[in-house]
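Here are my notes on the structure you asked me to look over, set out as numbered points. They begin with the interior of the protein and move from there to single elements.

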Amino acid sequence: MLAEPDAGPDAGPGAATPSGAAEDEVDLDVLEARLDELRHVDGARSLVGPDTVTWRVFGEAVVLLGGARALLMQFAHPLAQALVEHQGFLADPGDRFHRTLRSMYGLAFGDGATMLRMAREVHEKHARVVGRYASSVGPMRAGDRYSANQIAPMLWVAATVTDTTVHTYEALIGPLSLAEKDQLVAEAARLYGLFGIPRERHPADWQAFRAYVDGMLASDVLQVGEDSRALARAVLATPAAGSEPAYAVLRRLTARWLPASLRTAYGMDSGPIARATGATLEAAIRAAVPRLPHSLRICPARLHAERRLRGEDGPDPGAVRIERLLASMLGMGRRHAYRRCSRARAMHGACLPPRINSGRRC
């Protein structure tokens with residue numbers, strides 16, 4: 001499971017319980033009790049709305065460029081590595097990037113019914129991901145039980161999304177104040193309650209959140225092994241023939257933005273030319289964002305939500321066009337035809353930084 005670092009008797013939010021402890025797992029009754037607390041929420045606005053930091057930060061389309069960073073942070077956890085054993089997890093690994101983005105934006109902008117449905121669907125899928133570690137990884141011992149519905153792994157996944165979103169926003173848009181970060185963390189605690197994470201287990205403010213993430217990065221919980229690298233290759237490999245330019249940018253920015261310890265562990269440290277290229281790409285995007293029209297700067301999920309709040313039926317037409325363009329860039333429309341080649345390329349390390357791959361070039 002995704003246990004937090006060892007905690008003493010006075011540990012605060014995020015303190016770990018013993019490995020595999022039943023009380024650390026969200027069952028269906030617990031989830032429904034938490035969802036019942038949210039039934040009073042306005043169905044159109046859901047848990048957050050236009051006046052929140054979540055809408056402003058997640059609403060910037062360029063934030064999606066951080067999705068791979070969040071995934072690689074998750075893949076360093078023993079539970080993600082254990083998932084390699086589950087049939088189908090790597091059958092179409094590139095789709096995981098798309099699913100992560102869909103979940104991020106569904107949480108931030110979905111209406112009440114969508115969010116409740118998503119919470120139940122995620123819980124049901126997680127309930128099928130159970131087992132025992134085949135070998136010892138970090139603090140996890142061979143034979144320890146894991147479950148995707150354990151609170152600790154879900155808390156780490158949630159934290160990687162919040163941490164990555166703030167990092168990407170500040171890199172490409174501008175700084176957030178401490179008060180804004182505190183509000184974003186408070187809103188995240190409410191959103192991730194949809195998956196059964198108790199409010200008291202989620203950091204209460206930015207200082208506590210930073211301490212939790214930095215503590216995880218410094219602990220022996222996160223271990224980048226061969227399975228982690230295989231998952232990283234699978235996500236960062238180009239999913240369709242025409243997507244290579246976009247994915248080249250994604251790989252360079254992901255390497256630039258990863259926490260230093262994980263960047264080294266994944267073998268994504270690069271020379272001065274590559275680092276300069278990453279800095280140049282970041283600066284170019286940051287300069288271009290203010291010049292974009294609203295229909296391109298704002299992510300489609302927020303455009304759909306704004307239309308919903310105006311009382312207009314159906315999806316936003318402009319957002320639909322952008323979604324189709326993004327789907328093409330992600331290779332979603334052609335993924336089934338490209339899947340066999342993409343998977344082979346991903347698992348053999350094609351198109352990744354030299355220290356991850358086998359030395360092949362596209």
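1. In this predicted model, the largest cavity has a lining made up of Thr54, Phe58, Met104, Leu107, Ala108, Val161, Thr162, Leu184, Ala188, Leu191 and Tyr192. Two or more of the lining residues come from each of α2 (53–58), α5 (95–109), α7 (151–172) and α8 (178–192), and it is α8 that contributes the most, with four residues.

2. As to volume, the largest cavity holds about 80 Å³ of space, and the count of cavities of 30 Å³ or more comes to four. The reasoning behind such a search is that rolling a probe the size of a water molecule over the atoms shows where empty space is left.

3. For the protein as a whole, the model has 17 helices and two strands, and 52% of its 362 residues are buried. Among contacts with a separation of 6 or more, 74% are accounted for by residues that lie 24 or more positions apart. The exposed area is about 15900 Å², of which carbon and sulfur atoms supply 55%.

4. Helix α6 deserves a point of its own, beginning with its length. With 16 residues (residues 112–127) at 1.5 Å a residue, α6 should span 22 Å, and the distance of 23 Å between its end C-alpha atoms agrees with that expectation.

5. Which residues of α6 are buried? They are Gly112, Met115, Leu116, Met118, Ala119, Val122 and His123. Looking down the axis of α6, one finds these buried residues within an arc of 160°, and therefore they line one face of the helix. Ala113 and Glu124, on the other side of α6, are exposed.

6. Is aspartate 36 buried, exposed or partly exposed? This residue belongs to helix α1 (residues 28–36), and its relative accessibility is 47%; because the partly exposed class lies between under 20% for buried and over 50% for exposed, aspartate 36 counts as partly exposed.

7. A last remark links aspartate 36 with leucine 116, two residues that are 80 residues apart along the chain and whose C-alpha atoms are separated by 9.8 Å. Of this pair, aspartate 36 is placed in α1, whereas Leu116 is one of the buried residues of α6, and the separation quoted here refers to C-alpha atoms.

Notes
Residues numbered from 1 in each chain as written. Predicted model: local features only at pLDDT ≥ 70, side-chain atom pairs only at ≥ 80, totals over all residues. Heavy atoms only, no water. Expected span 1.5 Å × (residues − 1). Buried < 20%, exposed > 50% of the residue type's maximum accessible area, 1.4 Å probe, protein only. Arc of directions from axis to C-beta. Contact = heavy atoms within 4.5 Å. Areas by Shrake-Rupley, 256 points an atom, 1.4 Å probe, with all protein chains shown as cover. 1 Å grid on protein atoms, 1.4 Å probe; cavity = no way out; pocket = protein on both sides within 12 Å on 5 of 7 lines; lining within 4 Å. Points joined across faces, edges and corners; volume = space filled by probe spheres on them.
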